[in-house]
Amino acid sequence: MSVLTRDEAQTRAQLLDVHHYRVDIDLTTGAETFESTSTVRFTARAAGDTFVELKPVTLHSATLDGEPLDPAALDGNRLPLSLTEGEHELRVATTMRYSRTGEGMHRFTDPTDGESYVYTQLFMEDVQRVFAAFDQPDLKAVFEVAVTAPDDWTVLANGITERQADGTWKAAPTPLLSTYFVCVAAGPWHSVRTEHAGLPFGIHCRRSLAPHLDADADEILAVTRACYDRYHEKFDEPYPFDSYDQAFVPEFNAGAMENPGLVTFRDEFVFRSAVTVTERQTRAMVIAHEMAHMWFGDLVTLRWWDDIWLNESFAEYMGYQTVNEACSDLFPDTWIDFGVARKAWGYEADQRPSTHPVAPDPEAVPDTASALLNFDGISYAKGASALRQLVTWLGEKDFLAGINIHFERHKFGNATLADFIDNLAAATDRDVHGWAEQWLRTTGVDTLTPRLDGEGLHWNLTVDRDGSRPHRISVGVYDRDPSGDLVPRERRELDVPQDAPAELAGPRPALVVLNDEDLTYTKLRFDDVSEESALRGLSRVPDPLTRAVLWNALRDRVRDGDLAPADYLEVALAHLTEETELALVQGVLAFARHQIADRYVPADERPAALATICGIARALLRRTEDGEAPGLRLTAVRAFVDSATTPDKIASWLDEGTVHGGPELDPELRWRILARLAVLGATDEAAVAAELERDPSATGQEGAARCRAALPTPEAKEAAWSALFDSDDLSNYLFTATAQGFWQPEQAEFVGAYVPRFYEAAVALGDRRGPAMAEAAGRHAFPAHAVDADSLALGERHLADTPMIPALRRKLVDQLDDLRRALRVREG
């Protein structure tokens with residue numbers, strides 16, 4: 001199959017003006033394939049040769065202006081077209097294959113009740129798996145979709161759908177859309193429908209999740225309405241589509257997809273077990289993120305994939321900011337979670353060899369395969385951080401004015417980085433072009449360090465910068481009171497680089513925190529006095545966002561080899577047990593468990609690291625016995641289960657169905673405990689089968705796959721390996737669950753023989769099953785536990801010598817760099 005190049009897309013865009021698609025899909029022809037016919041009306045501006053893309057099982061027929069084309073001319077995914085100047089109509093009839101990898105038309109049968117569902121995910125180039133199309137973002141057209149479905153199914157699409165007298169479903173014509181936004185979701189959905197602002201709103205899930213969606217429907221719809229109203233306060237252009245549906249769909253690869261009028265979400269967001277408020281906040285942020293795309297991405301779309309940040313960075317920033325503004329009664333400060341959890345993703349990505357500018361040079365994204373690699377922590381988290389810094393520097397009023405100019409000039413069309421910056425510049429006298437060059441065209445993370453000079457009551461603060469970007473930061477100055485609390489003396493804005501040192505009145509402060517409100521994107525270091533205060537008094541800092549900045553600084557120092565992992569764990573033990581901000585507890589425990597315990601400490605120190613984490617969890621459990629902080633207690637239970645080094649306590653919880661003092665064990669906790677018991681060799685196949693009988697849901701199937709792969713027996717490991725790599729029967733989710741169970745640090749010697757087998761197996765899998773499964777293999781099936789020089793050398797040899805698809809190569813570059821960093825941290 002050929003990937004589309006940027007040059008080819010530009011050539012085709014100069015030749016064609018695409019007007020209208022009629023897409024007819026028949027979902028009644030069996031469980032393996034469906035029928036698809038597309039009729040495309042377009043204009044050729046001159047005579048010339050081009051092609052239309054499709055990936056069929058069978059190409060039944062193709063006609064151009066009524067004249068048949070030879071189906072045998074299909075070359076991979078390209079059907080060549082020779083055009084005369086003027087109007088044309090192309091009709092292509094195919095049989096297409098359902099997907100089990102989340103690409104194209106994904107089909108899922110719910111093990112709970114046997115009901116089947118299908119939905120499309122057409123991002124980048126997967127529309128070709130559903131219907132023939134001129135597949136590039138700048139050839140927008142109107143789409144009319146008709147679907148034939150089983151009698152008891154409901155069909156959802158980008159526009160309002162109605163069932164016709166002949167039993168087919170017809171969707172209202174769309175405004176101009178890019179091909180990758182077309183969406184169909186069909187099945188016996190459970191739906192909750194309402195209206196808001198004169199538009200039909202709906203939320204949908206599979207029937208087996210109906211009680212759980214109903215339980216959360218009020219919150220989901222309240223967030224949706226609040227964000228919708230807030231965007232209409234921010235944006236002059238009204239919501240541009242005829243309805244707003246949100247479908248929670250099974251086995252979805254991404255968090256969500258911004259299909260206009262029909263946003264699809266992974267249905268883990270329909271919570272069937274207890275969750276914390278931060279997990280609900282994440283769902284709210286994703287709702288806000290995808291709704292922001294209705295304007296930035298859907299109304300105005302990138303011209304080519306080098307500008308994907310224009311979609312994702314904007315939606316990421318706006319998602320957090322809008323939930324913070326519109327849903328503050330539910331979620332008081334989303335930027336804490338962004339700083340601790342999301343921003344770390346950007347910092348990590350930006351320090352790997354695979355880093356790239358937020359806005360890469362167009363020549364760096366020559367085709368769709370390379371573009372797919374940029375959906376990462378740079379385009380999302382770093383880009384959002386850069387926009388937050390831009391708003392700080394520019395002011396929100398001018399920022400929104402520029403955004404609204406952008407919408408007005410390019411609505412229902414396509415735009416580039418240059419367009420975006422020109423439109424921002426039209427709203428301000430500031431040098432936005434210079435800012436963009438320094439922030440969006442560069443890579444890497446700056447580091448800021450405070451330096452204090454003076455004596456007595458007169459001190460000067462100078463910020464030393466390792467890097468090249470300008471920063472507008474908030475500086476917090478803190479004193480220690482007699483009780484030991486760190487109390488704010490002042491907070492001031494500061495531009496870096498400075499014109500002159502900042503004068504501080506009063507005695508030398510106990511703590512100086514650069515980037516105190518986390519308004520810029522940078523690593524931080526401390527002066528000597530501030531470092532001692534931070535390590536000794538972190539929990540005595542009053543503002544949780546400041547504490548988040550301090551925890552992030554410590555995290556960066558561990559990753560850079562400047563702070564011993566054991567010292568970080570001691571700080572966590574001293575301060576996390578007193579922490580009240582749930583996002584901080586979750587973020588610190590996650591880093592401690594999955595980076596420090598699993599990778600950064602040598603094998604002989606790992607039991608002590610896990611014991612420290614269990615100690616933190618026990619202290620939090622004691623603190624929450626009164627039931628006043630259920631989210632904190634749930635977090636502590638999860639951490640204790642995941643870090644247990646002996647089975648007795650967690651096995652007793654499983655036997656009794658509860659943790660003493662609560663909570664009762666729901667399915668998520670039961671599978672979590674059973675998975676840890678499997679790792680410890682304290683359960684068996686019979687227990688896994690019994691739990692699956694108790695919970696035969698899709699999530700239960702994944703839990704069972706994870707547990708079975710974690711069992712430390714030769715038979716279990718070989719069966720899991722064979723399921724992963726010797727057949728293509730596993731869906732994307734069951735593959736991920738199996739891979740997550742397979743490698744365990746506790747079983748390093750037991751699975752050692754599989755490490756050299758991984759690379760050849762993963763390359764073959766990627767070649768057979770494509771980029772989504774290759775990415776899953778590189779992310780979840782990589783032997784990340786094997787932190788040693790031999791494993792690194794083995795991976796580097798394969799990377800140098802073995803051809804592989806770009807999605808897998810990118811994941812392996814990142815994984816090996818993480819392995820290299822872990823070795824440096826271990827070496828001290």
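Biologist: Why is the pair Cys327 and Cys227 not called a disulfide?

Modeller: A disulfide requires two cysteine sulfur atoms within 2.5 Å. The sulfur of Cys327 has its closest cysteine sulfur in Cys227, 4.4 Å away, which is too far for a bond. The model is a predicted one, in which local features need pLDDT of at least 70 and side-chain atom pairs count only at pLDDT 80 or more, while totals for chains, interfaces and linings use all residues. Residues are numbered from 1 along each chain as its sequence is written, and side-chain values use heavy atoms, with hydrogens and water left out.

Biologist: What makes Cys614 too far for a bond?

Modeller: For Cys614 the closest cysteine sulfur is that of Cys707, at 18 Å, so the pair is too far for a bond. A search of the whole structure finds zero disulfides.

Biologist: Why is Cys327 called buried?

Modeller: Buried means under 20% relative accessible area, exposed means over 50%, and partly exposed lies in between, with a 1.4 Å probe and protein chains only. Cys327 has a relative accessible area of 2% and is therefore buried. Cys614, at 7% relative accessibility, also counts as buried.

Biologist: How do you know whether His406 and Ser61 are buried or partly exposed?

Modeller: His406 has 1% relative accessibility, so His406 counts as buried. Ser61 has 28%, so Ser61 counts as partly exposed. His406 lies in helix 8, residues 396-410, and Ser61 in strand 4, residues 58-64. Helices (H or I, at least four residues) and strands (E, at least two) are DSSP runs, numbered from the N terminus.

Biologist: Which residues do His406 and Ser61 touch, not counting residues up to four places away in sequence?

Modeller: Contact means heavy atoms within 4.5 Å. On that basis His406 touches Phe296, Val300, Ala415, Asp419, Phe420 and Asn423. Ser61 touches Arg91, Val92 and Ala93.

Biologist: What makes the span of helix 4 agree with its number of residues?

Modeller: The expected span of a helix is 1.5 Å times one less than its number of residues. Helix 4 (residues 308-326) has 19 residues and should therefore span 27 Å; its end C-alpha atoms are 26 Å apart, which agrees. Helix 4 is also mostly covered, with 17 of its 19 residues buried.

Biologist: Why are helix 18 and helix 19 called roughly antiparallel?

Modeller: Axes are lines fitted to C-alpha atoms, for helices over the stretch in contact, and angles run from 0 to 180 degrees between N-to-C directions. Angles under 35 degrees count as roughly parallel, over 145 as roughly antiparallel, 65 to 115 as roughly perpendicular and the rest as oblique. The axes of helix 18 (residues 667-679) and helix 19 (residues 685-694) cross at roughly 170° and come within 11 Å. The two helices are therefore roughly antiparallel to each other. Arg670, Trp671 and Leu674 of helix 18 make the contact with Ala687, Val688, Glu691, Leu692 and Arg694 of helix 19.

Biologist: What makes strand 25 and strand 27 edges of their sheet?

Modeller: Two strands pair if DSSP finds at least two bridges between them. The open sheet has three strands in the order 25-24-27, with antiparallel pairing. Strand 25 (486-496) and strand 27 (511-513) each have a single partner strand, so one side of each is left without a neighbour in the sheet. The twist averages 20° from one strand to the next. Strand 24 (residues 471-480) is joined to strand 25 by ten bridges, and Arg480 stands opposite Leu486 in strand 25.
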